[in-house]
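Me: I'd like to go through the charged pairs and one of the hairpins here. Can you take my questions as they come?

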Amino acid sequence: MRRLVFPALILAGICVGLLWAGNFGVGPVIVVREDQTLIVLRFGEGVKVLDKPGPSWRLPLIDRVIRYDAKLQYLNAEPLEKLAKGGEKLIIDFYAVWKLSDAHAFRRAYPRGFAQAERRIQETLNSLVGAK
């Protein structure tokens, strides 16, 4: 009985260590939080999208994990100044709220992530308001 206690403790410690390392994207275990969407890439190609919370597996040296925030994203755009017909200055302030729905399509469209997407949203909103 005593011979089994020490190996059981070692095995339990290894399991806990792998789960702990999964929080940081290291090791074979990936832990998905509720507010995240993960894409597992194998040799640069998307293998699977993980959007449900819980543990999952990956190949440590082959797979790479990209984490995206699954919460609502808020973009407060820079205010624009426009001249009205009477020569009055209008200040137009606007914002956008968006959420990631398809992680594969998002990664293909915006390989640099949220910063690139926010620039694109800013450009689109500026064109809608008529800014140059």
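Me: Is R33 buried, partly exposed or exposed?
Reply: Bear in mind that this is a predicted model. The relative accessibility of R33 comes out at 44%. Buried would need under 20% and exposed over 50%, so R33 counts as partly exposed.

Me: Which residue forms a salt bridge with R33?
Reply: Side chains of opposite charge can pair when their charged atoms come close. Here the closest N and O atoms are 3.2 Å apart, and the cut-off is within 4 Å. The partner has 23% relative accessibility and counts as partly exposed. That partner is D35.

Me: How many residues apart in sequence are the parts that D63 and R42 tie together?
Reply: D63 and R42 form a salt bridge, with their closest N and O atoms 2.8 Å apart. D63 sits in strand β5 (residues 63–69) and R42 in strand β2 (residues 36–42), so the pair links parts of the chain whose separation in sequence is 21 residues.

Me: And is D63 buried or exposed?
Reply: R42, its partner, is partly exposed at 32% relative accessibility. For D63 the relative accessible area is 5%, and the cut-off for buried is under 20%, so D63 is buried.

Me: Which residue forms a salt bridge with K89?
Reply: Strand β8 (residues 89–92) runs antiparallel to strand β7 (residues 80–83), and four bridges join them. K89 and its partner are both exposed. Their closest N and O atoms are 3.7 Å apart, and the partner is E81.

Me: How many salt bridges does a search of the whole structure find?
Reply: R33 pairs with D35, R42 with D63, and K89 with E81. Searching the whole structure gives a total of three.

Note on methods: Residues are numbered from 1 along each chain as its sequence is written. This is a predicted model: local features need pLDDT of at least 70, side-chain atom pairs count only at pLDDT 80 or more; totals for chains, interfaces and linings use all residues. Side-chain values use heavy atoms; hydrogens and water are left out. Two strands pair if DSSP finds at least two bridges between them. Helices (H or I, at least four residues) and strands (E, at least two) are DSSP runs, numbered from the N terminus. A salt bridge is a side-chain nitrogen of Lys or Arg within 4 Å of a carboxyl oxygen of Asp or Glu. Buried means under 20% relative accessible area, exposed over 50%, partly exposed in between (1.4 Å probe, protein chains only).
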